[in-house]
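Colleague: Please take a close look at one part for me: the interior. Keep it brisk.

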Amino acid sequence: MAPSHVLVPLDGSPLADDALAHALETFDCRITILNVLTPLDASMSEGGVLEPGDERQAEARERAERLVEGARETAAEVDRTVEPVVETGDPAETILATAEALGVDHVVMGGHGGDRSDIGRRLLGTVATTVVGEAPMTVTVVR
(Lines give C-alpha, C1' and ligand atoms only; values in the text may rest on other atoms or scores of the structure.)
Protein backbone atom coordinates (compact mmCIF):
# COMPACT_ATOMS: atom_id res chain seq x y z
CA MET A 1 0.00 0.00 0.00
CA ALA A 2 1.38 3.40 -0.99
CA PRO A 3 1.97 5.83 1.87
CA SER A 4 -0.13 8.95 2.27
CA HIS A 5 2.41 10.93 4.30
CA VAL A 6 6.21 10.55 4.24
CA LEU A 7 8.65 12.07 6.73
CA VAL A 8 12.22 12.78 5.61
CA PRO A 9 14.65 13.77 8.38
CA LEU A 10 17.39 16.05 7.07
CA ASP A 11 20.73 16.64 8.75
CA GLY A 12 22.73 18.24 5.95
CA SER A 13 24.50 15.02 4.95
CA PRO A 14 24.67 13.75 1.37
CA LEU A 15 22.76 10.62 2.42
CA ALA A 16 19.92 12.73 3.79
CA ASP A 17 19.85 14.62 0.49
CA ASP A 18 19.68 11.25 -1.29
CA ALA A 19 16.80 10.24 0.98
CA LEU A 20 14.87 13.39 0.03
CA ALA A 21 15.51 12.77 -3.67
CA HIS A 22 14.33 9.17 -3.27
CA ALA A 23 11.15 10.23 -1.48
CA LEU A 24 10.35 12.87 -4.09
CA GLU A 25 10.92 10.42 -6.96
CA THR A 26 9.15 7.45 -5.39
CA PHE A 27 6.15 8.74 -3.48
CA ASP A 28 3.31 10.86 -4.83
CA CYS A 29 1.99 12.03 -1.48
CA ARG A 30 2.46 14.60 1.25
CA ILE A 31 6.15 14.92 2.26
CA THR A 32 7.28 16.56 5.46
CA ILE A 33 10.94 17.31 6.03
CA LEU A 34 12.30 17.41 9.55
CA ASN A 35 15.47 18.95 10.88
CA VAL A 36 16.26 18.16 14.49
CA LEU A 37 18.34 20.63 16.42
CA THR A 38 20.22 18.77 19.13
CA PRO A 39 20.25 20.80 22.35
CA LEU A 40 23.65 22.40 22.74
CA ASP A 41 24.06 20.95 26.22
CA ALA A 42 23.46 17.37 25.01
CA SER A 43 26.42 15.00 24.94
CA MET A 44 25.86 14.20 21.22
CA SER A 45 25.86 17.86 20.18
CA GLU A 46 28.78 20.14 19.58
CA GLY A 47 27.66 21.79 22.84
CA GLY A 48 28.98 18.72 24.62
CA VAL A 49 32.43 19.85 23.50
CA LEU A 50 31.99 23.59 22.99
CA GLU A 51 30.41 26.12 25.28
CA PRO A 52 26.70 26.56 24.53
CA GLY A 53 25.50 30.09 24.00
CA ASP A 54 23.02 32.27 22.18
CA GLU A 55 25.36 32.68 19.21
CA ARG A 56 25.77 28.92 18.75
CA GLN A 57 22.00 28.41 19.05
CA ALA A 58 21.38 31.12 16.46
CA GLU A 59 23.91 29.46 14.13
CA ALA A 60 22.15 26.10 14.55
CA ARG A 61 18.76 27.68 13.78
CA GLU A 62 20.21 29.43 10.69
CA ARG A 63 21.69 26.13 9.49
CA ALA A 64 18.28 24.48 9.91
CA GLU A 65 16.64 27.25 7.88
CA ARG A 66 19.24 26.75 5.10
CA LEU A 67 18.49 23.01 5.08
CA VAL A 68 14.76 23.69 4.85
CA GLU A 69 15.24 26.17 2.02
CA GLY A 70 17.52 23.75 0.16
CA ALA A 71 14.88 21.02 0.48
CA ARG A 72 12.20 23.38 -0.84
CA GLU A 73 14.40 24.18 -3.85
CA THR A 74 15.08 20.48 -4.48
CA ALA A 75 11.35 19.74 -4.37
CA ALA A 76 10.53 22.68 -6.64
CA GLU A 77 12.95 21.35 -9.26
CA VAL A 78 10.64 18.33 -9.69
CA ASP A 79 7.45 20.38 -9.30
CA ARG A 80 6.78 19.22 -5.74
CA THR A 81 6.43 20.89 -2.38
CA VAL A 82 7.55 19.84 1.06
CA GLU A 83 6.29 20.84 4.48
CA PRO A 84 9.13 21.85 6.81
CA VAL A 85 9.33 21.11 10.53
CA VAL A 86 12.22 22.11 12.80
CA GLU A 87 12.31 20.58 16.28
CA THR A 88 14.80 20.45 19.13
CA GLY A 89 15.68 17.25 20.94
CA ASP A 90 17.34 13.88 20.67
CA PRO A 91 17.38 13.07 16.94
CA ALA A 92 15.96 9.53 17.04
CA GLU A 93 13.36 10.32 19.71
CA THR A 94 12.29 13.48 17.90
CA ILE A 95 11.97 11.72 14.55
CA LEU A 96 9.77 9.05 16.12
CA ALA A 97 7.66 11.55 18.08
CA THR A 98 7.20 13.82 15.06
CA ALA A 99 6.21 10.88 12.84
CA GLU A 100 3.58 9.84 15.37
CA ALA A 101 2.29 13.38 15.98
CA LEU A 102 1.87 14.04 12.24
CA GLY A 103 0.33 10.68 11.41
CA VAL A 104 3.20 9.75 9.10
CA ASP A 105 2.98 6.28 7.60
CA HIS A 106 6.48 6.07 6.07
CA VAL A 107 9.90 7.48 7.01
CA VAL A 108 12.69 7.83 4.45
CA MET A 109 16.10 8.64 5.88
CA GLY A 110 19.79 8.38 5.18
CA GLY A 111 21.85 5.64 6.75
CA HIS A 112 25.51 5.56 7.58
CA GLY A 113 28.23 4.51 5.21
CA GLY A 114 31.86 4.93 4.39
CA ASP A 115 34.54 5.42 7.02
CA ARG A 116 33.04 4.36 10.35
CA SER A 117 35.65 6.38 12.22
CA ASP A 118 33.88 9.55 11.08
CA ILE A 119 31.75 10.68 14.04
CA GLY A 120 28.96 12.14 11.91
CA ARG A 121 28.45 8.88 10.05
CA ARG A 122 28.49 6.83 13.24
CA LEU A 123 25.86 9.08 14.81
CA LEU A 124 23.68 9.00 11.72
CA GLY A 125 23.93 5.22 11.74
CA THR A 126 22.88 5.15 15.39
CA VAL A 127 19.87 7.37 14.69
CA ALA A 128 18.79 5.30 11.69
CA THR A 129 19.19 2.07 13.65
CA THR A 130 17.05 3.39 16.49
CA VAL A 131 14.33 4.67 14.17
CA VAL A 132 14.22 1.40 12.22
CA GLY A 133 14.02 -0.59 15.45
CA GLU A 134 11.34 1.49 17.15
CA ALA A 135 9.16 2.99 14.42
CA PRO A 136 5.65 1.54 14.10
CA MET A 137 5.61 2.51 10.42
CA THR A 138 7.71 1.49 7.43
CA VAL A 139 11.20 3.01 7.33
CA THR A 140 13.30 3.16 4.20
CA VAL A 141 17.01 3.73 4.78
CA VAL A 142 18.86 5.17 1.79
CA ARG A 143 22.55 4.33 1.50
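Modeller: Start with the contacts (heavy atoms within 4.5 Å). Among those joining residues at least 6 apart in sequence, 73% link residues at least 24 apart. This is a predicted model: local features need pLDDT of at least 70, side-chain atom pairs count only at pLDDT 80 or more, and totals for chains, interfaces and linings use all residues. Residues are numbered from 1 along each chain as its sequence is written, and side-chain values use heavy atoms, without hydrogens or water.

The chain has 4 helices and 5 strands, which are DSSP runs (H or I, at least four residues; E, at least two) numbered from the N terminus. Their order is β-α-β-α-β-α-β-α-β. Of the 143 residues, 41% are buried, meaning under 20% relative accessible area with a 1.4 Å probe, protein chains only.

Now the largest nonpolar core (buried Ala, Val, Leu, Ile, Met, Phe, Trp, Tyr and Cys joined through side-chain atoms within 4.5 Å). It holds 18 residues, and V6, V8, L20, I33, V82 and V108 have the most contacts inside it. β1 (5–9), α1 (14–26), β2 (30–37) and α2 (54–77) each give at least two residues. The largest share, 5 residues, is from α1. Beyond four places in sequence, I33 touches V8, L10, L20, V68, A71, V82, E83, P84 and V85. A second, separate core has 17 residues, including V107, V131, A135 and V139.

H106 sits in strand β4 (residues 106–110). H106 is buried, at 8% relative accessible area. Its contacts beyond four places in sequence include P3, H5, F27 and M137. T140 is another of these contacts, and the side chains of H106 and T140 share a polar contact of 2.7 Å (N or O atoms within 3.5 Å, one able to donate a hydrogen and the other to accept it; residues adjacent in sequence count only if both atoms are side-chain atoms).

Methods:
Buried < 20%, exposed > 50% of the residue type's maximum accessible area, 1.4 Å probe, protein only.
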